[in-house]
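Work through the following exercises with the sequence and the model open. Each task is followed by a solution in steps.

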Amino acid sequence: MTRFDEQLPEADTRIKKHVIEAMVEDRPGVLQMIAGMFAKRGFNIDNITVGRTTKQGVSKMVIVVVGDNLTLEKVIKQMDKLIVTYKVNDIPERSAIVRELCLIKVSLSKKNSKDDVMNYAKVYKAEIVDIAHNSVIIEISNAPEKIEEFIKLMTEFGVEDISRTGVTAIGKD
């Protein structure tokens, strides 16, 4: 029994990104069903990636949701209720490998920009996948924060185009 003047622990109300892993049926309409559930409940999907697994008929969804811990709990409960969902887990950032792939086309119009861009790419362990007289296309696979840093650096040279896959993650043992 709690005394009236005793402090109760408060729920974690910090807004942050949560990564959710869901094993779902691999069939048409499943993505739409899950996205519809999110929209109906007022949850916002920050990012979603889907791919087949090694198990026939099962796909893995990695969904990034922004909210507090209560929002995360509600999302997991609602997803777990769907008949197309086999398993849903929160993947804590400290116990996961989280990556994103980005292709970025950068202008080489400034003097000495080619060397600078290539040096930055090397530092960020990015790969030059195409080079032309006036631009370069770079592929970078890293944590989303590192990709943001790299894009910010490239804006100095002129970013002509970007294509990002979105976050994917896998839990560590």
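**Exercise 1.** Find which residues Ile151 touches, not counting residues up to four places away in sequence.

*Solution.* Step 1: locate the residue. Ile151 lies in helix H4; helices (H or I, at least four residues) and strands (E, at least two) are DSSP runs, numbered from the N terminus.
Step 2: list the partners. With residues up to four places away in sequence not counted, Ile151 touches Cys102, Ile104, Val159, Ile162 and Arg164, where contact means heavy atoms within 4.5 Å.
Step 3: check the accessibility. Ile151 has a relative accessible area of 11% and is therefore buried; buried means under 20% relative accessible area, exposed over 50%, partly exposed in between (1.4 Å probe, protein chains only).

The model is predicted: local features need pLDDT of at least 70, side-chain atom pairs count only at pLDDT 80 or more, and totals for chains, interfaces and linings use all residues. Residues are numbered from 1 along each chain as its sequence is written, and side-chain values use heavy atoms, with hydrogens and water left out.

**Exercise 2.** Describe how the axes of helix H3 and helix H4 cross.

*Solution.* Step 1: find the distance and the angle. Helix H3 covers residues 113-123 and helix H4 covers residues 144-154; their axes come within 11 Å and cross at roughly 170°. Axes are lines fitted to C-alpha atoms, for helices over the stretch in contact, and angles run from 0 to 180 degrees between N-to-C directions.
Step 2: classify the angle. H3 is therefore roughly antiparallel to H4; angles under 35 degrees count as roughly parallel, over 145 as roughly antiparallel, 65 to 115 as roughly perpendicular and the rest as oblique.
Step 3: name the residues that meet. From H3 these are Val117, Tyr120 and Ala121, and from H4 they are Phe150, Leu153 and Met154.
Step 4: sort them by type. The contact of H3 with H4 has 6 nonpolar residues, no polar and no charged. Ala, Val, Leu, Ile, Met, Phe, Trp, Tyr, Cys and Pro count as nonpolar, Asp, Glu, Lys and Arg as charged, and the others, Gly among them, as polar.

**Exercise 3.** Do the same for helix H1 and helix H2, whose axes also cross.

*Solution.* Step 1: the axes of H1 (residues 30-41) and H2 (residues 69-81) come within 11 Å, and the crossing angle is roughly 135°.
Step 2: H1 and H2 are therefore oblique to each other.
Step 3: Ile34, Met37, Phe38 and Arg41 in H1 meet Val75, Gln78 and Met79 in H2. By type, this contact of H1 with H2 has 5 nonpolar residues, 1 polar and 1 charged.

**Exercise 4.** Is Asn47 buried or exposed, and which residues does Asn47 touch?

*Solution.* Step 1: Asn47 is found in strand S2 (residues 45-52).
Step 2: the relative accessible area of Asn47 is 13%, so Asn47 is buried.
Step 3: not counting residues up to four places away in sequence, Asn47 touches Val62, Ile63, Val64, Gly166 and Val167.
Step 4: look at Val167 again. Its backbone nitrogen lies 3.1 Å from a polar atom of the side chain of Asn47.

**Exercise 5.** Place two residues of strand S7, Asn142 and Ser135, in their surroundings.

*Solution.* Step 1: strand S7 spans residues 135-142 and holds Asn142. Asn142 is buried, at a relative accessible area of 18%.
Step 2: leaving aside neighbours within four places in sequence, Asn142 is in contact with Val98, Arg99, Glu100, Tyr124 and Ile147.
Step 3: Ser135 is also buried, with a relative accessible area of 11%. Its C-alpha atom is separated by 6.7 Å from that of Lys105, although the two are 30 residues apart along the chain.
Step 4: leaving aside neighbours within four places in sequence, Ser135 is in contact with Lys105, Val106, Ser107, Leu108 and Glu160.

**Exercise 6.** What is the phi of Asn112, and what is the phi of Lys125?

*Solution.* Step 1: recall the background. Most residues other than glycine have a negative phi.
Step 2: phi of Asn112 is near 65°, a positive value in a residue other than glycine. Asn112 sits in the loop between strand S5 (96-107) and H3, and is exposed at a relative accessible area of 52%.
Step 3: phi of Lys125 is near 55°, again a positive value in a residue other than glycine. Lys125 is in the loop between H3 and strand S6 (127-131), and is exposed at a relative accessible area of 74%.

Technical notes. A polar contact is a pair of N or O atoms within 3.5 Å; within protein, one must be able to donate a hydrogen and the other to accept it, and residues adjacent in sequence count only if both atoms are side-chain atoms.
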